[in-house]
Amino acid sequence: MKERRGKDISTVPLTEEDRVRYGRQIIFPSFGEEGQQKLKQAHVLVAGIGGLGSPAAIYLACAGVGKLTLIDSDAVELSNLNRQILHGEEDIGEKKVFSAAQKLNKLNSTVELEPLVVRITAEGLPGLLHGIDLVMDCLDSMETRFILNEGCVKAGIPFIHGGVYGMLGEITTIIPRETPCFECIFPREVEGKTPLPIFGCTPALIASLQVMEAIKLLAGFGELLTGTMLYVNGEVMEFTTAPLQKNEGCRVCGGDTA
Amino acid sequence: MSAKIVMHPFFAEHVGGNQVIDVAGSDIGECLAVLARQYPAIEKKLFDKHGQLRGYLEIYVNGKSTFPHELAHPIIDGDEIRIIVFGAGG
């Protein structure tokens with residue numbers, strides 16, 4: 001893990017209501033009003049509004065991130081409801097991004113929400129990344145993660161990877177040109193088995209950690225989980241970190257160092 | 001048959017930090033048994049209490065998935081076995 005300075009973004013003034021709403025985080029010494037202003041200025045893309053994306057979007061919205069773009073092309077199904085906590089029984093059949101935006105607006109109406117029913121493709125991704133400060137990888141597909149990783153590396157946008165299986169979860173923060181990228185870590189051949197087992201508490205935990213990383217990265221304090229994968233294995237209640245190495249032969253970022 | 005196992009970072013502390021380990025065996029199951037004899041702490045990481053390969057692991061040989069019959073997959077001299085922790089859900 002390494003220290004990182006916050007992104008140099010212009011700040012926006014806080015309202016008196018902001019000072020009250022976010023008061024308990026503003027009093028955190030390394031965050032303060034300046035940190036809150038940086039969150040308010042930020043535009044975060046949440047890729048996938050399922051098990052990871054639901055709690056991630058909730059905590060980003062509640063923390064006061066100024067704008068959230070929500071991307072998912074799927075509709076809510078009954079089998080989603082053990083873990084995708086932005087959706088309920090009445091939302092079955094509804095597109096996830098609209099179901100999510102409705103709940104998020106109730107939680108914090110001051111956050112600008114952009115729900116998009118799109119599939120992430122290599123062709124369409126550059127347009128989706130325009131103006132984005134940070135991407136939250138809350139996807140359930142390796143293939144789409146590779147596309148998102150490549151787009152973020154090309155655009156120089158930080159990317160917080162989260163993934164889960166049963167009670168196992170993993171998270172790392174990828175900073176283009178500084179850290180190993182997703183394709184340094186996983187060979188592109190990875191296909192995977194479906195459907196994957198998942199308990200709702202696992203993505204809830206991993207998404208919370210992703211949002212911790214997001215807040216630190218956007219506000220510019222603390223240490224980030226860069227160059228390191230954190231594994232949480234709830235089955236044996238074990239937390240493990242493993243160093244990640246840049247693959248100099250990586251097709252996406254190989255040789256591209258700061 | 002001799003092969004190399006490329007270890008995922010998840011296992012680093014259980015295999016002395018080695019990224020590549022030489023093993024021998026006629027299939028992946030035998031190669032993993034050799035690995036577990038050399039590094040006993042890895043066994044619980046690879047297998048559950050019923051001896052089944054843990055569900056979050058993927059095993060590739062020369063870049064090809066061996067799912068769903070990973071342990072029975074035959075190995076020939078020079079194969080590269082890669083173990084990947086696969087927390088791919090979201």
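How does A:Glu112 count by relative accessible area: buried, partly exposed or exposed? A:Glu112 is partly exposed, with a relative accessible area of 47%; buried means under 20%, exposed over 50%, and partly exposed lies in between (1.4 Å probe, protein chains only).

A word on the model before the views. This is a predicted model, in which local features need pLDDT of at least 70 and side-chain atom pairs count only at pLDDT 80 or more, while totals for chains, interfaces and linings use all residues. Residues are numbered from 1 along each chain as its sequence is written, chains are lettered from A and ligands numbered from 1 in the order in which they are written, and side-chain values use heavy atoms, with hydrogens and water left out.

**View 1. A:Lys67 and A:Glu112 pair up in a salt bridge.** A salt bridge here is a side-chain nitrogen of Lys or Arg within 4 Å of a carboxyl oxygen of Asp or Glu, and for A:Lys67 and A:Glu112 the closest N and O atoms are 3.6 Å apart. The pair links distant parts of the chain, 45 residues apart: A:Lys67 sits in strand E3 (residues 67-71) of chain A and A:Glu112 in strand E4 (residues 112-116) of chain A. Helices (H or I, at least four residues) and strands (E, at least two) are DSSP runs, numbered from the N terminus. A:Lys67 is partly exposed too, at 21% relative accessibility. Over all chains, the salt bridge count comes to 14.

**View 2. A:Asp91 and A:Lys103 form a buried salt bridge pair.** Here the closest N and O atoms are 2.8 Å apart. A:Asp91 lies in the loop between E3 and helix H5 (96-107) of chain A and A:Lys103 in helix H5 itself, so the pair ties together parts that are 12 residues apart in sequence.

**View 3. B:Lys4 and B:Asp22 bridge two strands of chain B.** Their side chains meet in a salt bridge at 3.1 Å, N to O. B:Lys4 belongs to strand E1 (residues 2-6) and B:Asp22 to strand E2 (residues 20-24), 18 residues apart. B:Lys4 is partly exposed at 42% relative accessible area, whereas B:Asp22 counts as exposed at 53%.

**View 4. Four charged residues of chain A share a salt bridge network.** The members are A:Glu150, A:Lys154, A:Glu183 and A:Arg251.

**View 5. B:Leu32 sits in the largest nonpolar core.** A nonpolar core is a set of buried Ala, Val, Leu, Ile, Met, Phe, Trp, Tyr and Cys residues joined through side-chain atoms within 4.5 Å. This one has 64 residues, and B:Leu32 and B:Leu35 have the most contacts inside it. Its largest share, six residues, comes from helix H7 (residues 142-155) of chain A. Contact means heavy atoms within 4.5 Å; not counting residues up to four places away in sequence, B:Leu32 touches B:Ile5, B:Leu46, B:Phe47, B:Leu53, B:Ile59, B:Leu71 and B:Ile83. Apart from this core lies another, of 43 residues, with A:Val46, A:Ile49, A:Leu52 and A:Ala63 among them.

**View 6. Helix H3 of chain A tucks in several buried residues.** In H3 (residues 32-41), A:Gly32, A:Gly35, A:Gln36, A:Gln37, A:Lys38 and A:Leu39 are buried. Their cover includes helix H2 (23-26), helix H4 (53-63) and helix H9 (201-219) of chain A.

**View 7. A:Cys181 is in no disulfide.** With a disulfide taken as a pair of cysteine sulfur atoms within 2.5 Å, the structure holds zero over all chains. The nearest cysteine sulfur to A:Cys181 is that of A:Cys253, 3.6 Å away. A:Cys181 is buried, with a relative accessible area of 2%, and B:Cys31 is buried at 0%.

**View 8. B:Pro9 reaches across to chain A.** B:Pro9 is found in the loop between E1 and E2 of chain B and is partly exposed at 25% relative accessibility. Leaving aside neighbours within four places in sequence, B:Pro9 is in contact with A:Ala242, A:Pro243 and A:Leu244.

**View 9. A:Arg21 lies in helix H1 (residues 16-21) of chain A.** A:Arg21 is partly exposed, with a relative accessible area of 36%. Leaving aside neighbours within four places in sequence, A:Arg21 is in contact with A:Leu107 and A:Asn108.
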